[in-house]
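Please go through the model below with a focus on its metal site, its ligand pocket and its unusual backbone geometry.

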Amino acid sequence: MAKCLTVLGIETSCDETAASVVKLTPDGSGSTLSDVVLSQTADHAIFGGVVPEIAARAHISHLDRLVDKAMQDAGLDYPQLDGVAVASGPGLMGGLLVGMMTAKAIALAHDLPFIGVNHLEGHALTPGLTHDLKPPYLLLLVSGGHTQIVAVEAVGEYHRYGTTIDDALGEAFDKTAKLLNLGYPGGPAVEAAARNGDAERFSFPRPLKGRPGCDFSFSGLKTAVRQAAQELDRVSETDVADICASFQMAVTDSLKDRLQNAIGQFAGQHADGRGRTLVVAGGVAANRKIRDVLAGLCDSNGFNLVIPPIDLCTDNAAMIAWVGALQLARGKSDRLDLAARARWPLDPDAAPAAFAGKKA
Ligand code: KG4
Ligand code: ZN
């Protein structure tokens, strides 16, 4: 690649409407020229979760303005771009279509290459943009829709070590919060409540702990939290704090156990010592307790821990623009009849997990 590549990225796969312009330089490093994100959290809060139709309508209302702003912030006109990238899956179909149509229209109007990007690949390759980190490395992706451990071997080469067989971790936080009337999104509320709680008071299950492999399961934990709350006469503030702290303890124990297996598997497959890095992405990466536990785990295994800045851990368009630029640099782009994909596993060889729905 002889010249810089400047790419506009668009992200509308869930409940964030986002646009960003990113530049890839010939030495392989990247910089973010603009990055705008509009979170729809408030629109969905009273429903306790993302409502697909509301999300799609909000994307329609805001995307054009956000794309304009991303271009203005970058100080660029469309002809100065080298391509337009969009998250084309996996995600909610209505939202994906809004982003796809917008990206295709811009690409067509300005005769620019168009690139459909896997949203999960965006999360997986973000450390290249933020930390100049090159594969191989191990990735833990923990968000409201996904809980996966993936070996990132190279751009375009991913091996999924494990996934959730039921709920995603962020979903488990959100459901726990809903049960305790802590509001939505639940993760930050559960974390805050847990700070004053007794993590030993409730002994919640650690599903799959001690078993081989790297899969997760959180639905049993959710049921145990519900039972604990129902068994109390009146749930006091102290009870809420203790339930949250005990829940978080069960979660961190489970993450440690599953990741220990993953680290063993990864180190076994990279006996030359390359890639001793664990990257964490997704909204749950904001959790301090989880960060501390993962830092300890990495320390004891001789791994580095890399966590991108939190606004690049959660859904954003910089990661989509970045993957678009990397694809373009490899001579890849898509036709304008590319279809959106509600499901799109990063590792095509990974078997669908039994009950994982769209999270696999
Ligand atoms: O990556 P993200 O912003 O959106 C997607 O799901 O794609 O992740 C949102 C999830 C929500 O489930 C939210 O409750 C969780 O991340 N989350 C947290 C924290 N902050 C956000 N979970 C635990 N602790 C937090 N501090
Ligand atoms: Zn995401």
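Does Asn181 count as buried or exposed? Asn181 counts as exposed, at 72% relative accessibility. The cut-off for that label is over 50%. Note that the model is predicted.

**Backbone outliers**

Asn181 has a second feature. Its phi is near 60°, a positive value in a residue other than glycine. Asn181 sits in the loop between H5 and H6.

Asp111 has a positive phi too, about 55°, and is not a glycine. Its place is in the loop between H3 and strand E5 (114–118). Asp111 is exposed, with a relative accessible area of 71%.

A glycine joins the list. Gly331, just after H11, takes a positive phi of about 80°.

Two cis peptide bonds deserve a check as well. One runs from Gly89 to Pro90, with omega near -15°. Pro90 lies in the loop between strand E4 (83–89) and helix H3 (93–110). Another joins Tyr184 and Pro185, with omega about 0°. Pro185 is in the loop between helix H5 (169–179) and helix H6 (186–194). Asn181 was placed in the loop between H5 and H6 as well.

**The zinc site**

Which residues coordinate the zinc ion (ligand 2)? The donors are His119 (NE2), His123 (NE2) and Asp315 (OD), at 2.1 Å. Along the chain they follow the spacing H-x3-H-x191-D. His123 lies in helix H4 (residues 119–130), while Asp315 is in the loop between helix H10 (310–313) and helix H11 (318–329), so this pair ties together parts that are 192 residues apart in sequence.

Both members of that pair are covered. His123 counts as buried, at 2% relative accessibility. Asp315 also counts as buried, at 14%. The cut-off for buried is under 20%.

**Helix H11**

H11 is mostly covered, with eleven of its twelve residues buried. Among them are Met319, Ile320, Trp322, Val323, Leu326 and Leu328. Gln327 is also one of the buried residues.

Does the length of H11 agree or disagree with its residue count? At 1.5 Å a residue, the twelve residues should span 16 Å. The end C-alpha atoms of H11 are 16 Å apart, so the span agrees.

**The ligand 1 pocket**

There are 18 residues around ligand 1. Gly144, Asp174, Gly187, Glu191 and Gly283 come nearest. Several polar atoms of the protein pair with atoms of ligand 1. The table sets them out.

| Residue | Protein atom | Ligand 1 atom | Distance |
|---|---|---|---|
| Gly187 | backbone N or O | oxygen | 2.9 Å |
| Gly283 | polar backbone atom | oxygen | 2.9 Å |
| Asn287 | polar side-chain atom | nitrogen | 3.0 Å |

How much of ligand 1 does the protein bury? Taken alone, ligand 1 exposes 550 Å², and the protein buries 87% of that.

**Helix H8: Arg258 and Ile243**

Arg258 is found in helix H8 (residues 237–269). Is Arg258 buried or exposed? Arg258 is buried, with a relative accessible area of 1%. Its side chain makes a polar contact with the side chain of Asp257, at 3.1 Å.

Neighbours within four places in sequence are left aside here. Arg258 is in contact with Ile149 and Leu208, and also with Gly210, Arg211, Pro212, Gly213, Cys214, Asp215 and Phe216.

Ile243 lies in helix H8 too. Ile243 is buried, with a relative accessible area of 0%. With neighbours within four places in sequence again left aside, Ile243 is in contact with Leu180, Phe202, Phe204, Val225, Ala229 and Leu232.

One distance gives a sense of scale. The C-alpha atoms of Ile243 and Met93 are separated by 36 Å, and these residues are 150 apart along the chain.

**Recap**

The zinc ion (ligand 2) takes its donors from His119, His123 and Asp315. Ligand 1 has 87% of its 550 Å² buried by the protein. In helix H8, Arg258 is buried, and so is Ile243. Asn181, where this report began, counts as exposed.

Terms used: Residues are numbered from 1 along each chain as its sequence is written. Chains are lettered from A and ligands numbered from 1 in the order in which they are written. This is a predicted model: local features need pLDDT of at least 70, side-chain atom pairs count only at pLDDT 80 or more; totals for chains, interfaces and linings use all residues. Side-chain values use heavy atoms; hydrogens and water are left out. Donors are N, O and S atoms within 2.8 Å of the metal (3.2 Å for Na, K and Ca); water is not among the atoms, so sites may look incomplete. Helices (H or I, at least four residues) and strands (E, at least two) are DSSP runs, numbered from the N terminus. Buried means under 20% relative accessible area, exposed over 50%, partly exposed in between (1.4 Å probe, protein chains only). The expected span of a helix is 1.5 Å times one less than its number of residues. A residue is near a molecule or strand if one of its heavy atoms lies within 4 Å of it. A polar contact is a pair of N or O atoms within 3.5 Å; within protein, one must be able to donate a hydrogen and the other to accept it, and residues adjacent in sequence count only if both atoms are side-chain atoms. Accessible areas come from the Shrake-Rupley method with a 1.4 Å probe; for residues, only the protein chains shown count as cover. Contact means heavy atoms within 4.5 Å.
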